[in-house]
Every structure is written in C-alpha cells, then in structure tokens.
Amino acid sequence: MEQEDGTTTVVAASTSDGSGLDPISRVRKLLFRQMLVGIKDGRFFLGSFHCIDKQGNIILQDTVEYRSIRRSSPSPTEQRCLGMILIPSSCRTSCHVDCSIEEQLSLIQLKE
C-alpha cells in the first residue's frame with residue numbers, strides 16, 4: 001500500500017468482508033509479536049516488536065542478534081543478546097512476523 005509520502009507499508013491487512021484496516025490497527029496487531037528482521041550486512045535480529053515510527057524505523061525488545069561467521073567453528077552462526085534495539089529503515093532488507101497461517105492470510109490484501 002503506497003502512502004502520500006512515497007513509502008510503502010510493511011504489512012497490508014484486510015478483513016473477510018474486504019474493507020481494509022487503518023495503518024494504526026495494522027501495527028497494533030503486530031505489537032509484542034516475534035519479528036525477524038534482516039539487515040544489509042547479513043545479520044538478523046529476532047525480537048519482540050515494540051514500535052515503528054513514521055520513517056519505518058523499527059524498535060525490537062529482548063532481541064537476539066544472529067550473524068554468520070567465516071572462521072571454522074562448530075556452529076556456522078554466532079548469536080548474542082542485545083536487549084532493546086532500533087533498526088533504521090535504510091538498513092532493513094527483510095521483515096518477518098511469527099504468526100499462524102490463518103493470521104498470515106488475514107494480513108494479506110489481494111489487489112484486483
């Protein structure tokens with residue numbers, strides 16, 4: 001869904017009768033959900049969604065960082081606990097929310 005300022009929303013939502021929800025309602029449905037966010041340098045952050053601002057910056061709480069390590073070790077990824085972090089929209093490459101299939105289908109808005 002494109003907004004007046006040229007940005008696109010992260011998640012599109014609709015109800016079974018086809019009427020769309022306003023952006024605030026869509027974001028409220030995401031609050032405190034587990035979210036996996038990828039950034040340009042290859043790291044991933046898994047945390048609880050706390051908020052998003054007008055520019056698309058995301059704040060996650062109780063976050064764990066996952067990154068690939070190139071040296072030989074038993075595990076190909078390294079992780080560390082970070083707590084609360086801000087992920088700038090300019091760095092973000094992917095964003096996934098942990099939810100059931102039914103919830104995923106309810107968050108999809110089909111364009112005709």
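1. The E65–R80 pair. In this predicted model, the side chains of E65 and R80 meet in a salt bridge, with 2.2 Å from N to O. The pair links distant parts of the chain: E65 sits in strand β3, R80 in strand β4, and 15 residues separate them. R80 is also the bridge partner of E65 in β4. So the two residues are joined by their side chains and are also matched in the strand pairing. E65 is buried, because its relative accessible area of 2% falls under the 20% cut-off. R80, with a relative accessible area of 47%, is partly exposed.

2. A second partner for E65. E65 also forms a salt bridge with R43; here the closest N and O atoms are 2.9 Å apart. R43 lies in the loop between β1 and β2 and E65 in strand β3, so this pair ties together parts that are 22 residues apart in sequence. R43 counts as partly exposed, at 24% relative accessibility.

3. The wider charge network. D41, R43, E65 and R80 are linked in a network of salt bridges. Side chains of opposite charge can pair when their charged atoms come close. A search of the whole structure finds four salt bridges.

4. R67 and E78. Another salt bridge joins the side chains of R67 and E78, at 2.5 Å from N to O. Again the pair links distant parts of the chain: R67 is in strand β3, E78 in strand β4, and they are eleven residues apart. R67 is partly exposed at 35% relative accessibility. E78 is partly exposed too, at 28%.

5. The sheet. Five strands form an open sheet, in the order β4-β3-β2-β1-β5, and the pairing is antiparallel. β4 and β5 (92-97) are the edge strands; each pairs on one side only. On average, neighbouring strands are turned by 30° against each other, direction ignored. Between β3 and β4, which run antiparallel, there are nine bridges. Strands of a sheet pair through backbone hydrogen bonds, either parallel or antiparallel.

6. The nonpolar core. The largest nonpolar core has ten residues: L30, M35, V37, I39, F45, F49, I58, L60, I85 and I87. Four strands each supply at least two of them: β1 (34-39), β2 (44-52), β3 (58-68) and β4 (77-87). The largest share, three residues, comes from β1. In soluble globular proteins, nonpolar side chains tend to be buried together.

7. L60 inside that core. L60 is one of the ten core residues. Leaving aside neighbours within four places in sequence, L60 is in contact with M35, V37, F45, G47, S48, F49, H50, G83, M84, I85 and I87. Among these contacts, M35, V37, F45, F49, I85 and I87 are core members themselves.

8. T63. This residue is placed in strand β3. T63 counts as buried, at 1% relative accessibility. Beyond neighbours within four places in sequence, T63 is in contact with F45, L46, G47, R80, C81, L82, G83 and I85. One of these, R80, is the salt-bridge partner of E65 from the opening point.

9. Confidence. The mean pLDDT of the protein is 79, and 73% of its residues reach 70 or more. Over residues 1-19, the pLDDT is below 50. Beyond near neighbours in sequence, that stretch has 30 contacts in the model.

Key. Residues are numbered from 1 along each chain as its sequence is written. This is a predicted model: local features need pLDDT of at least 70, side-chain atom pairs count only at pLDDT 80 or more; totals for chains, interfaces and linings use all residues. Side-chain values use heavy atoms; hydrogens and water are left out. A nonpolar core is a set of buried Ala, Val, Leu, Ile, Met, Phe, Trp, Tyr and Cys residues joined through side-chain atoms within 4.5 Å. Buried means under 20% relative accessible area, exposed over 50%, partly exposed in between (1.4 Å probe, protein chains only). Helices (H or I, at least four residues) and strands (E, at least two) are DSSP runs, numbered from the N terminus. Contact means heavy atoms within 4.5 Å. pLDDT is the predictor's confidence in each residue, from 0 to 100. Two strands pair if DSSP finds at least two bridges between them. Axes are lines fitted to C-alpha atoms, for helices over the stretch in contact, and angles run from 0 to 180 degrees between N-to-C directions.
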